[in-house]
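User: I would like to go through the labels attached to this model. For each one, tell me what earns it.

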Amino acid sequence: MKNYFLLLFAMLVATSASAQFYVSGSTGYATGSAKTKFGEEITATKTKNAYGSYGEGINFQVRGGYYFNETFGVDLGIAYLHGDDQTVTKVNIPNYRITDAKARARAFGFSPSLVYKFTNKIYGRFGALIKVGGKTEAVVSDKNYMYDEANGITISQALSLPEGSYTQTNYKADFHGKLPLGFVGALGYKYDFNDNFGLFIEAEYMGISVKRDDSELSEFNTDVMLPDGTVAVAGLYTMDNLPDGYVKKTKYVDTLDNATIASNGDAPYPAKKLAERVPYSSFGINFGLTYTFAKSKSKE
């Protein structure tokens with residue numbers, strides 16, 4: 001037993017002699033991976049599927065780590081994703097409907113990882129990825145010439161306005177998800193300027209999807225417009241007077257009775273809606289600076 005404790009003490013001394021703390025800051029760009037269909041792009045002559053991942057965009061990371069020895073270490077990172085716009089719906093049919101609905105991620109993530117040095121310059125980082133905050137923001141602009149599409153009644157006919165009048169609807173909605181767990185892996189190259197400062201570049205993969213929890217309208221306004229672009233009726237619909245099919249907050253659930261589903265119809269924002277998963281996976285390139293603190297030394 002005494003020999004065991006002596007061996008353990010010797011291992012701790014050897015580890016602490018080469019242990020190193022470091023911090024780093026980086027930025028990078030990621031393209032979407034494992035993209036799924038978000039919606040459609042529609043013209044008068046064709047319809048095209050729109051695919052995407054909310055993980056696409058610019059990211060900023062702050063990391064801190066600890067090397068137990070010259071090879072193995074642990075790393076904790078906090079990141080912010082400023083996602084690119086993803087097309088949800090795009091309609092361009094003149095004198096009928098012009099819609100541009102996009103969504104983008106504004107998310108914070110946390111990633112605990114293990115680090116392995118293959119050489120003094122090449123390393124790998126592998127661990128878990130957790131989205132801890134943020135939202136997916138939808139931004140919609142809808143120019144609609146139809147009042148009753150099923151019966152072919154235009155805005156001009158319904159409201160006795162000049163031919164070519166339309167409604168212009170603009171709104172924003174924030175989508176929040178349940179706490180997800182994913183995977184992150186990176187392979188990097190580090191160049192040391194001196195004992196403390198270094199520059200690194202790495203290829204990083206993030207595999208994660210988010211199950212939606214709720215969505216909430218943050219802005220909503222519909223104006224009736226004349227053909228020349230002047231406002232005929234301001235605030236036909238607002239946050240205080242939403243049209244049918246829209247409520248301020250939608251809850252996503254795993255089970256919904258058929259009567260509610262039938263009642264919802266094609267309403268975009270009902271009170272309850274079946275839950276869905278959306279992709280945040282990505283593959284990107286990061287670069288940044290690392291500061292390594294001086295090695296702790298054992299006492300002689």
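Analyst: Let us start with Ser-263. It is exposed, with a relative accessible area of 62%. Ser-263 sits in helix H3, residues 258–264. This is a predicted model.

User: Why is Ser-263 called exposed?

Analyst: The label exposed needs over 50% relative accessible area. Ser-263 has 62%, so it is exposed. As for position, its C-alpha atom is separated by 10.0 Å from that of Gly-245, 18 residues apart along the chain.

User: Why does Ala-34 count as exposed or buried?

Analyst: Ala-34 has 54% relative accessibility, so it counts as exposed. The cut-off is over 50%. Ala-34 is placed in the loop between S1 and strand S2 (36–43).

User: What is notable about the phi of Ala-34?

Analyst: Phi of Ala-34 is near 50°. That is a positive value in a residue other than glycine. Ser-160 has a positive phi too, near 55°, and is likewise not glycine.

User: How do you know whether Ser-160 is buried or exposed?

Analyst: Its relative accessibility is 65%. Exposed means over 50%, so Ser-160 counts as exposed. Ser-160 belongs to the loop between helix H2 (155–159) and S11.

User: Now Thr-167. What makes it buried?

Analyst: Buried means under 20% relative accessible area. Thr-167 is at 11%, so it counts as buried. Thr-167 lies in strand S11. Leaving aside neighbours within four places in sequence, its contacts include Asp-142, Lys-143 and Asn-144. Ile-155, Thr-222, Asp-223 and Val-224 are also among them.

User: And Thr-136: why is it called buried?

Analyst: Thr-136 has 4% relative accessibility, so it counts as buried. The limit is under 20%. Strand S8 holds Thr-136. Beyond neighbours within four places in sequence, Thr-136 is in contact with residues including Tyr-54, Ala-103, Phe-175 and Arg-212.

User: What makes the pair Thr-136 and Tyr-280 a polar contact?

Analyst: The two side chains make the contact at 2.5 Å. A polar contact needs N or O atoms within 3.5 Å, one able to donate a hydrogen and the other to accept it, so the pair qualifies. Leaving aside neighbours within four places in sequence, Tyr-280 is also in contact with Leu-81, Ala-105, Ala-107 and Val-210, among others.

User: Which residues touch the most other members of the largest nonpolar core?

Analyst: Tyr-54, Leu-217, Tyr-269 and Tyr-280 do, out of 24 residues in that core. S7, S8, strand S11 (166–177) and strand S14 (209–225) each give two or more residues to this core. S7 gives the most, with 4 residues.

User: What makes such a set a nonpolar core?

Analyst: The members must be buried residues of nonpolar types, joined through side-chain atoms within 4.5 Å. In soluble globular proteins, nonpolar side chains tend to be buried together. Apart from the largest core lies another, of 5 residues, among them Tyr-22, Tyr-67, Val-115 and Tyr-123.

User: Turn to empty space. How many cavities of 30 Å³ or more does the search find?

Analyst: The search of the whole structure finds 1. Its volume is about 220 Å³. Of its 26 lining residues, Asn-59, Gln-61, Ala-79, Lys-131 and Met-206 are closest to the centre. The lining has 12 nonpolar, 10 polar and 4 charged residues.

User: What makes the one a cavity and the other a pocket?

Analyst: In a cavity, a 1.4 Å probe fits but cannot get out, whereas a pocket is an open set of points. The largest pocket holds about 1700 Å³ of space. It is lined by 49 residues, with Arg-97, Tyr-171, Tyr-246, Asp-266 and Pro-268 closest to its centre. S8 gives the most to that lining, with 6 residues.

User: How do the two largest pockets divide by residue class?

Analyst: The largest pocket is lined by 28 nonpolar, 9 polar and 12 charged residues. The second largest pocket has 6 nonpolar, 7 polar and 11 charged residues in its lining. That second pocket has a volume of about 470 Å³. Its lining numbers 24 residues, with Tyr-67, Lys-117, Lys-190, Thr-290 and Thr-292 nearest the centre.

Methods: Residues are numbered from 1 along each chain as its sequence is written. This is a predicted model: local features need pLDDT of at least 70, side-chain atom pairs count only at pLDDT 80 or more; totals for chains, interfaces and linings use all residues. Side-chain values use heavy atoms; hydrogens and water are left out. On a 1 Å grid over the protein atoms alone, a cavity is a set of points where a 1.4 Å probe fits but cannot get out, and a pocket is an open set with protein on both sides within 12 Å along at least five of seven lines; lining residues have an atom within 4 Å of a point. Grid points are joined across faces, edges and corners, and a volume is the space filled by probe spheres set on the points. Ala, Val, Leu, Ile, Met, Phe, Trp, Tyr, Cys and Pro count as nonpolar, Asp, Glu, Lys and Arg as charged, and the others, Gly among them, as polar. Buried means under 20% relative accessible area, exposed over 50%, partly exposed in between (1.4 Å probe, protein chains only). Contact means heavy atoms within 4.5 Å.
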